[in-house]
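Thanks for coming. I will go through one structure today, so please have it open in front of you.

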Amino acid sequence: MKIIMLGAPGAGKGTQAKKISEKYQIPHISTGDIFRANIKEGTELGKQAKTYMDQGLLVPDELTVNLVIDRVEHDDCKNGYVLDGFPRTIPQAEALDKALSGLGEHLDYALNVDVPDENIVKRMAGRRACISCGATYHVVYAAPKTEGICDVCGSELVLRDDDKPETVTKRLGVYHEQTKPLIDYYAEEGILKTIDGTQNLEAVFDDIKRILGE
Ligand code: AP5
Ligand code: MG
């Protein structure tokens, strides 16, 4: 099953992609997580990506597309994967479609987690991310067992650099301009499924399971 997650920053793409990955046993591939891991390791890619991410801008397609295309060709992607945060522009979507059709493959679902802008800024202020493994929490809606500590690996939880309110507003603008057109793109391909992302985490996942099958 090959799935992409669509939705505004903070809509819950990462939260749901992780649940999908666990239930359906397919890799969760998040471009945001890949960039953050590169920033942490101080790689050249990380240095370049950081300048864009800190401003709430998209990392250029040239730095993003090949990274993902190489990744989906790995052996662990044979039975499918869930892409989270990619594609984010029409050229990225076209490049992915082209690469997949070259392999005789196609996407099965584009899951659009729909959350209005008003809810987003509130959610982001409460998000906490693990500096080590990338696991995501929310101080109210998905609290860790011990405040400030990751349940998975025991490392410290932090507010992401790009979750400051002014950067979130910028990211929302970029989403509307560059990413939202993908909703029509995948509707035309006939694989778009929209889910009400304002429900609680479990209700959103129940809707997703109804779409993907138990
Ligand atoms: P990325 O890391 O992908 O960020 P994003 O799309 O802005 O999305 P987020 O990760 O912020 O939100 P999410 O939808 O995953 O929500 P989450 O599940 O965490 O990208 C970061 C940056 O990298 C970009 O700005 C760009 O610069 C660059 N980049 C990445 N991919 C790129 C690409 N393809 N091209 C170019 N540049 C790229 O949930 C948010 C919070 O809400 C959490 O605290 C969670 O616990 C909580 N929550 C989730 N669901 C619910 C619910 N139903 N009810 C209540 N709370 C909830
Ligand atoms: Mg995410």
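I will start with the ligand and then turn to a patch on the surface. Keep in mind that this is a predicted model.

Ligand 1, then. Its shell has 37 residues, and the closest of them are Thr15, Leu57, Arg88, Arg127 and Arg171. Sorted by class, the shell holds 15 nonpolar, 14 polar and 8 charged residues.

Which elements supply the shell? At least two residues each come from α1 (13-24), α2 (31-41), α6 (117-126), β6 and α9 (201-212). The largest share is that of α2, with 4 residues.

Now some individual contacts. Two arginines reach ligand 1 through their side chains: a side-chain N or O atom of Arg127 is 2.6 Å from an oxygen atom of the ligand, and a polar side-chain atom of Arg171 is also 2.6 Å from a ligand oxygen. With Lys13 the contact is made by the backbone, where a polar atom lies 2.8 Å from an oxygen atom of ligand 1. As for cover, ligand 1 on its own has 1,000 Å² of accessible area, and the protein covers 97% of that.

That leaves the surface patch. Val139, Val140 and Tyr141 make a nonpolar patch of about 340 Å². Where is Tyr141 found? It sits in the loop between β6 (136-138) and β7 (157-158).

Is Tyr141 buried or exposed? Its relative accessible area is 57%, and exposed means over 50%, so Tyr141 counts as exposed.

That is what I have; I can go back to any of these residues on the screen.

Notes: Residues numbered from 1 in each chain as written. Chains lettered and ligands numbered in written order. Predicted model: local features only at pLDDT ≥ 70, side-chain atom pairs only at ≥ 80, totals over all residues. Heavy atoms only, no water. Patch = residues over 30% accessible without salt bridge, like charges linked within 9 Å, V, L, I, M, F, W, Y side chains within 5 Å. Areas by Shrake-Rupley, 256 points an atom, 1.4 Å probe, with all protein chains shown as cover. Salt bridge = Lys/Arg side-chain N within 4 Å of Asp/Glu carboxyl O. Buried < 20%, exposed > 50% of the residue type's maximum accessible area, 1.4 Å probe, protein only. Near = heavy atom within 4 Å. Polar contact = N/O pair within 3.5 Å; in protein donor to acceptor, adjacent residues only side chain to side chain. Nonpolar A, V, L, I, M, F, W, Y, C, P; charged D, E, K, R; others polar.
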